[in-house]
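Open the model in your viewer and show the whole chain as a cartoon. The stops below go from the chain as a whole to single residues.

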Amino acid sequence: MLSEKLVNAINDQIQFEYYSAFTYKAMQTYFEAEDLSGMANWMNIQFQEEMEHAEKMFHFVCETGGKVNLQAIEAPRNEYNSILEIFEVTLQHEQEVTARINKLMDLAQEEKNHVAQIFLQWFVTEQIEEEANVSQIIAKLKRIKDDGRGLMMIDQELEKRSIPAA
Ligand code: FEO
C-alpha cells in the first residue's frame with residue numbers, strides 16, 4: 001500500500017522522532033540539575049510524546065505492509081547555557097519537524113496515496129500545537145527576564161503538563 005520511497009521517507013522520520021525524544025530527554029537533565037521540576041516534567045512529557053510519534057509511524061508502516069528499518073540515533077546535545085536557549089532550540093527543532101512532516105505530506109500527495117495523507121494529517125495538526133506551546137513559554141520567559149519569582153511561577157505551571165488522553 002506504500003511505495004518504497006514513502007516507506008523509506010517514513011523510516012527516516014521514525015529515526016528523527018527518536019532523535020527528538022533523545023534531544024528532549026537530554027534537555028530534561030539540565031532542568032533536573034537546576035531543581036526546576038516543572039520544566040523537567042515538561043521535557044519528560046515531550047520525550048514521551050516523541051516516542052509515541054515514532055510508535056504511531058512504526059505501526060502505520062507495519063499495518064500498510066511495509067518494513068521498518070531502525071537507524072542509528074546520534075547523540076543529542078547535552079550542554080546548554082540557559083533556560084531560554086533550551087526553549088529556543090526546542091522551537092527550532094519543532095520547526096524542523098514541521099518542515100519534515102510537510103515534505104512527507106507533499107510526497108504522499110504526489111503519489112496520490114490517500115491512506116498516507118490521512119495518516120499524516122494528524123501530524124500536520126499536531127505540529128501547530130507543538131510550535132504554539134513552545135512559543136508561549138518563550139514569550140513568558142522573555143517577559144520575566146531574570147525575575148526569580150516569575151521563573152518559579154512558570155515552573156509551577158509546567159509541572160501540570162501531562163500526557164493527553166488518547
Ligand atoms: Fe514529533 Fe515534536 O514532533
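Start with the contacts across the whole chain. Among contacts between residues at least 6 apart in sequence, 81% join residues at least 24 apart. Keep in mind while looking that this is a predicted model.

**Stop 1: the whole chain**

Colour by secondary structure. The protein chain has 5 helices and 0 strands, so the pattern read along the sequence is α-α-α-α-α. Turn the model along its principal axes: the C-alpha atoms fill a box of roughly 55 × 25 × 25 Å.

Next, switch on the surface. The accessible surface comes to about 9,200 Å², and 53% of this area belongs to carbon and sulfur atoms. What share of the 166 residues counts as buried? The figure is 47%.

**Stop 2: the largest pocket**

Select Glu-52, Lys-56, Trp-122, Ile-163 and Pro-164. The largest pocket holds about 280 Å³ of space, and these five are the closest to its centre of the 15 residues that line it. Now select helix H2 (37-63) and helix H4 (114-144), the elements that give two or more residues to this lining. Colour the lining by class: 7 residues are charged, 5 are nonpolar and 3 are polar.

**Stop 3: the second largest pocket**

Keep H2 and H4 on display and add helix H5 (148-159). The second largest pocket has about 190 Å³ of space. Of its 13 lining residues, the closest to the centre are Trp-42, Asn-133, Ile-137, Leu-158 and Arg-161. H2, H4 and H5 each give two or more residues to the lining of this pocket. Which helix gives the largest share? That is H4, with 5 residues. By class, this lining has 5 nonpolar, 5 charged and 3 polar residues.

**Stop 4: one residue in helix H3**

Select helix H3 (residues 83-110) and find Thr-98 in it. Is Thr-98 buried or exposed? Thr-98 counts as buried because its relative accessibility is 17%, and the cut-off for buried is under 20%.

To see what lies around Thr-98, show the side chains of Gln-127 and Glu-131. Thr-98 is in contact with both of them, leaving aside its neighbours within four places in sequence. For a last view, display Thr-98 together with H3, the helix that holds it.

Technical notes: Residues are numbered from 1 along each chain as its sequence is written. This is a predicted model: local features need pLDDT of at least 70, side-chain atom pairs count only at pLDDT 80 or more; totals for chains, interfaces and linings use all residues. Side-chain values use heavy atoms; hydrogens and water are left out. On a 1 Å grid over the protein atoms alone, a cavity is a set of points where a 1.4 Å probe fits but cannot get out, and a pocket is an open set with protein on both sides within 12 Å along at least five of seven lines; lining residues have an atom within 4 Å of a point. Grid points are joined across faces, edges and corners, and a volume is the space filled by probe spheres set on the points. Helices (H or I, at least four residues) and strands (E, at least two) are DSSP runs, numbered from the N terminus. Ala, Val, Leu, Ile, Met, Phe, Trp, Tyr, Cys and Pro count as nonpolar, Asp, Glu, Lys and Arg as charged, and the others, Gly among them, as polar. Buried means under 20% relative accessible area, exposed over 50%, partly exposed in between (1.4 Å probe, protein chains only). Contact means heavy atoms within 4.5 Å. Accessible areas come from the Shrake-Rupley method with a 1.4 Å probe; for residues, only the protein chains shown count as cover.
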